[in-house]
Amino acid sequence: MYNILTMNKIAACGTDKFDKAAYTITDECAEPTAIMVRSAKLHDYEMPSSLLAIARAGAGVNNIPVDKCAEQGVVVFNTPGANANAVKELVICALLLASRRITEAAAWANSLKGTEDAPKTVEGGKAKFAGPEIFGKTLGVIGLGAIGGKVANAAVALGMKVIGFDPFLSDAAAKALDSSVKVVDSKDDIYKNADYITLHVPFTPDAKNSIGKEQIAMMKDGVRIINAARGELVDTAAVVEAIKAGKIAKYVTDFADDIGLGEENVITLPHLGASTPESEDNCAIMAADELMDYIERGKIRNSVTFPNLELAKTADQLVCVLHKAEVTEDAVKAAVGADVVASASATKKAWGYTLLDVKGSANVDAVKAVAGVVGVRVI
């Protein structure tokens, strides 16, 4: 039996995909084969030797020690695109919230409950909540992947002019963009020309405070900023200061920050980006599929550290080898001690993965002894 440890509540449509004759789904397990997780923090989790993989039901993996996992031969998966539509819809909502003073207006209207002639008061006071339309305005999208591309196309459909920046834009993502989206060569072009700016990039140490004092200084007066990506991407203190100075008109963020909470013209949402039943279902299903593919067939798809790779098993054993990128396929073949019928190998930055379809019995100990190998298993 394979033990799947759920560290958060995972949608049943995902966990139900596992064959109950081969898998046990549990929220308590000392020796899990794999972990399914959403937001639970695993940085202090002691990974047992039984652990093969962790699947994050979502895109971000800040709560997982991915480098430590790789060193211990644990493959970390995420589910890119599974929650893209949910986040896109929230961003479109945020664009409107940033413009029309909707939250303030609703709060004021509700405050009139029990007062005399509330309808008349509302009509007399609504002018102070006026705000601009988004139609015809320029939206700058930083990151044009699964979410950013959808946001860009939706904004075009709403009549906005859209400029986007993404130095890692794939051919598939580029083809999916509406032809009117202008892809620029520098983030500075976004900062200088956009009326609205939305972020859709992962958080890395280099990306911390991607929007700070320097970037804000380049922006148009009255710019409106949306952050549904990661809180650390924006220097909240710099944004609040710019709001008070009249430089930024509105900041809508999906990440609570004590600096921004309660500040005028800052709208803080409680991380609602992927909080839809459809998104949770999509993430759970994708995470389950990734784990089953890896556990049963050695296939890697959507790992944040190791490369995508698969090889059909046609002989006696499929040997799956996780290793540092500098380890060659020939070195693994030389150590396996069996007739290799077919093989495949790939690298992704610092890490590599090799699959060997072999006749006979592999010398697992010899493969493990190859310098740079961090994990070996036989299917």
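What covers the buried residues of helix 10? The covering parts include helix 9 (213-218), strand 11 and strand 12. This report describes a predicted model, beginning with the whole chain and returning to helix 10 further on.

## The chain as a whole

The chain contains 13 helices and 16 strands. Along the principal axes, its C-alpha atoms fill a box of roughly 85 × 45 × 35 Å. Of the 379 residues in the chain, 48% are buried. Among contacts with a separation of 6 or more, 63% are between residues 24 or more positions apart.

Three domains are assigned: domain 1 (1-78 + 276-305), domain 2 (83-268) and domain 3 (307-378). Domain 1 is thus given as two segments of the chain, 1-78 and 276-305.

## Domain 1 and domain 2

The C-alpha centres of domain 1 and domain 2 are 33 Å apart. Eight residues from domain 1 and five residues from domain 2 take part in the contact.

The size of an interface is often given as the accessible area lost when the parts come together. For domain 1 and domain 2 the buried area is about 430 Å², with 44% of it on carbon and sulfur atoms. On the side of domain 1 that touches domain 2 there are two nonpolar, five polar and one charged residues. Between the two domains the count of salt bridges is zero. The number of residue pairs in polar contact across this interface, with both residues at pLDDT 80 or more, is also zero.

## Helix 10 and its ends

Helix 10 covers residues 236-244. Its buried residues are Thr236, Ala238, Val239, Val240, Ala242 and Ile243. Helix 9, strand 11 and strand 12 are among the elements that cover them.

At the N-terminal end, Asp235 acts as a cap for helix 10: one of its side-chain oxygens lies 3.2 Å from the backbone nitrogen of Ala237. Just after the helix, Gly246 has a positive phi of about 85°.

## Lys208, beside Asp235 in the account

Lys208 sits in the loop between strand 9 (196-199) and helix 9. In sequence Lys208 and Asp235 are 27 residues apart, while their C-alpha atoms are 8.1 Å apart in space. Lys208 is partly exposed, with a relative accessibility of 49%. When neighbours within four places in sequence are left aside, Lys208 is in contact with Phe203 and Glu232.

## Lys250 and its surroundings

Lys250 belongs to strand 11. Its relative accessible area is 2%, so Lys250 counts as buried. The side chain of Lys250 forms a salt bridge with the side chain of Glu104, at 2.2 Å from N to O. Glu104 is in helix 4 (residues 102-110) and Lys250 in strand 11 (residues 248-253), so this pair ties together parts that lie 146 residues apart in sequence. Glu104 is buried, as Lys250 is.

A second side-chain partner of Lys250 is Asn265, with a polar contact at 3.3 Å. Apart from neighbours within four places in sequence, the residues in contact with Lys250 are Leu97, Ala98, Arg101, Glu104, Val223, Arg224, Ile225, Asn265 and Ile267.

## Other salt bridges

The whole structure holds 13 salt bridges. One of them joins Lys244 and Glu263, whose closest N and O atoms are 3.8 Å apart. This pair links helix 10, where Lys244 lies, to the loop between strand 11 and strand 12 (266-268), where Glu263 lies; the two residues are 19 residues apart. Lys244 has 62% relative accessibility and therefore counts as exposed. Glu263 is partly exposed, with a relative accessible area of 25%.

Another salt bridge is formed by Glu310 and Lys299, again with closest N and O atoms 3.8 Å apart. Glu310 and Lys299 are both placed in the loop between helix 11 (277-297) and strand 13 (317-324), eleven residues apart. Glu310 is exposed, at a relative accessible area of 53%. In addition, Asp293, Glu296, Arg297 and Arg301 are joined into one network by salt bridges that share partners.

How values were computed:
Residues are numbered from 1 along each chain as its sequence is written. This is a predicted model: local features need pLDDT of at least 70, side-chain atom pairs count only at pLDDT 80 or more; totals for chains, interfaces and linings use all residues. Side-chain values use heavy atoms; hydrogens and water are left out. Domain bounds come from an automatic or database domain assignment. Contact means heavy atoms within 4.5 Å. Buried area is the accessible area (1.4 Å probe) that two parts lose on being put together, summed over both. A salt bridge is a side-chain nitrogen of Lys or Arg within 4 Å of a carboxyl oxygen of Asp or Glu. A polar contact is a pair of N or O atoms within 3.5 Å; within protein, one must be able to donate a hydrogen and the other to accept it, and residues adjacent in sequence count only if both atoms are side-chain atoms. Ala, Val, Leu, Ile, Met, Phe, Trp, Tyr, Cys and Pro count as nonpolar, Asp, Glu, Lys and Arg as charged, and the others, Gly among them, as polar. Helices (H or I, at least four residues) and strands (E, at least two) are DSSP runs, numbered from the N terminus. Buried means under 20% relative accessible area, exposed over 50%, partly exposed in between (1.4 Å probe, protein chains only).
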